[in-house]
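Trainee: Got a minute to go through a structure with me?
Mentor: Yes. Put it up and ask as we go.

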Amino acid sequence: MGFWPDGYRCAVFLSFDYDASSAVMWRLPLDVVAQSRGRFAPKVAIPRILDMLDRQGVRATFFTPGWTVDNYPESVEEIISRGHEVAGHGYQHERMTEISAEAEESVFDRMMAALERVGVKPEGYRAPYWLVSDRTIRHLRRLGFRYSSNFMDDDMPYMLRYRGEETGLVELPVEWMLDDWPQFETNRRAPDDAYRLWKPEFEGIYELGRYFCLTCHPQAIGRISRLRMLERLIEEMKAKGDVWFATGREIADWTRKKLS
Ligand SMILES: [Zn+2]
């Protein structure tokens, strides 16, 4: 063990990508039913998720596109007022590797401006679709970000070197198997199927004293059967007594302190 704050054997990072309809508005501007799926997040899922997190007494990080902030500012303010972290996730969930350098720069600036309107100077960034390029890293440094949550090469956080250079960013790695989207949206698996994937991974991470990052999308995980599954998983993690539930900012700050 040894890595985590005193009394904790492993870390759990609960993260929610609050896309709402941002991506669909961009990709399918005429499909209003597809767009309505994203509205399930602000209307139903976010209040339900916030109540569940309160009930369990754990805090999370919401990677939120600027578009979501501009369209649902009260919802994002509620997330902040309930003690959670809001971090960057593009403006309209753009596929950054498919737009020009100029367009990407403007996306980053619009994202920052939207977050600033709700009083957030984001410390963390998760790329829409986890599409990261050399340009992304330059923007993160230019805008004073402190951590990235994009790479898939570890199950511990680490100081991010990129093309052989220190970036000064902490990386909080992710993994597709710990993402609800392929489980519930790409496929329509049962809550128990996701549980059977996630639970043994958590048990192994716990045993080894490492880091478990779950990526959820409010519009997917907020359906009641799925949220009940997530709450059961959180209850079982809490029952261990020495699991550190922390926001991205907290894990990044801790990692920086330990490793630099
Ligand atoms: Zn997203």
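What follows is a short talk about the core, the strands, the largest pocket and some single residues.

Mentor: Keep in mind that this is a predicted model.

Trainee: Fine. Which residues touch the most other members in the largest nonpolar core?
Mentor: Leu 14, Phe 16 and Trp 198 do, in a core of 65 residues.

Trainee: And which helix gives the largest share of this core?
Mentor: Helix H2, residues 32–56, with eight residues.

Trainee: What is Phe 16 in contact with, leaving aside its neighbours within four places in sequence?
Mentor: Quite a list. Ile 49 and Leu 53 are among its contacts, and so are Ala 60, Thr 61, Phe 62 and Phe 63. Further along the chain, Phe 16 also contacts Cys 216, Pro 218, Ile 221 and Leu 230.

Trainee: What lies apart from that core?
Mentor: Another core, of 19 residues. Phe 13, Leu 172, Ile 251 and Trp 254 are among its members.

Trainee: Strands next. How does E6 run against E7, parallel or antiparallel?
Mentor: Antiparallel, with four bridges joining E6 (residues 158–162) to E7. Tyr 158 stands opposite Glu 171, and Tyr 162 stands opposite Glu 165.

Trainee: How many residues sit between the strands in that hairpin of E6 and E7?
Mentor: Two. Arg 163 in this hairpin takes a positive phi near 45°.

Trainee: What about E5 and E7, parallel or antiparallel?
Mentor: Parallel, with two bridges between E5 (residues 147–148) and E7 (residues 165–171). Tyr 147 has Val 170 as its bridge partner in E7.

Trainee: Changing topic. What is the volume of the largest pocket?
Mentor: About 520 Å³.

Trainee: Which lining residues are the closest to its centre?
Mentor: Asp 19, His 93, Tyr 129, Trp 181 and His 217, out of 29 that line the largest pocket. Helix H1 (22–27), H2 and helix H7 (180–186) are the elements that each give two or more residues to the lining.

Trainee: How does that lining divide into nonpolar, polar and charged?
Mentor: There are 12 nonpolar residues, eight polar and nine charged.

Trainee: Now some single residues. Where is Glu 231, and is it buried or exposed?
Mentor: Glu 231 is in helix H10, residues 224–239. Its relative accessible area is 13%, so Glu 231 counts as buried, the cut-off being under 20%.

Trainee: Which residues does Glu 231 contact, leaving aside its neighbours within four places in sequence?
Mentor: Met 52, Arg 55 and Gln 56. Those numbers fall within helix H2, residues 32–56.

Trainee: And Glu 203, where does that lie?
Mentor: In helix H8, residues 191–208. Glu 203 is partly exposed because its relative accessibility is 25%, and that class runs between 20% and 50%.

Trainee: How many Å separate the C-alpha atoms of Glu 203 and Arg 138?
Mentor: 37 Å, with the two residues 65 apart along the chain.

Trainee: Last one. Where does Gly 144 lie?
Mentor: In the loop between helix H6 (134–142) and E5. Gly 144 is partly exposed, with a relative accessible area of 38%. From Gly 144 to Leu 28 is 33 Å, C-alpha to C-alpha, and they are 116 residues apart in sequence.

Methods
Residues are numbered from 1 along each chain as its sequence is written. This is a predicted model: local features need pLDDT of at least 70, side-chain atom pairs count only at pLDDT 80 or more; totals for chains, interfaces and linings use all residues. Side-chain values use heavy atoms; hydrogens and water are left out. Buried means under 20% relative accessible area, exposed over 50%, partly exposed in between (1.4 Å probe, protein chains only). Contact means heavy atoms within 4.5 Å. A nonpolar core is a set of buried Ala, Val, Leu, Ile, Met, Phe, Trp, Tyr and Cys residues joined through side-chain atoms within 4.5 Å. Two strands pair if DSSP finds at least two bridges between them. On a 1 Å grid over the protein atoms alone, a cavity is a set of points where a 1.4 Å probe fits but cannot get out, and a pocket is an open set with protein on both sides within 12 Å along at least five of seven lines; lining residues have an atom within 4 Å of a point. Grid points are joined across faces, edges and corners, and a volume is the space filled by probe spheres set on the points. Ala, Val, Leu, Ile, Met, Phe, Trp, Tyr, Cys and Pro count as nonpolar, Asp, Glu, Lys and Arg as charged, and the others, Gly among them, as polar.
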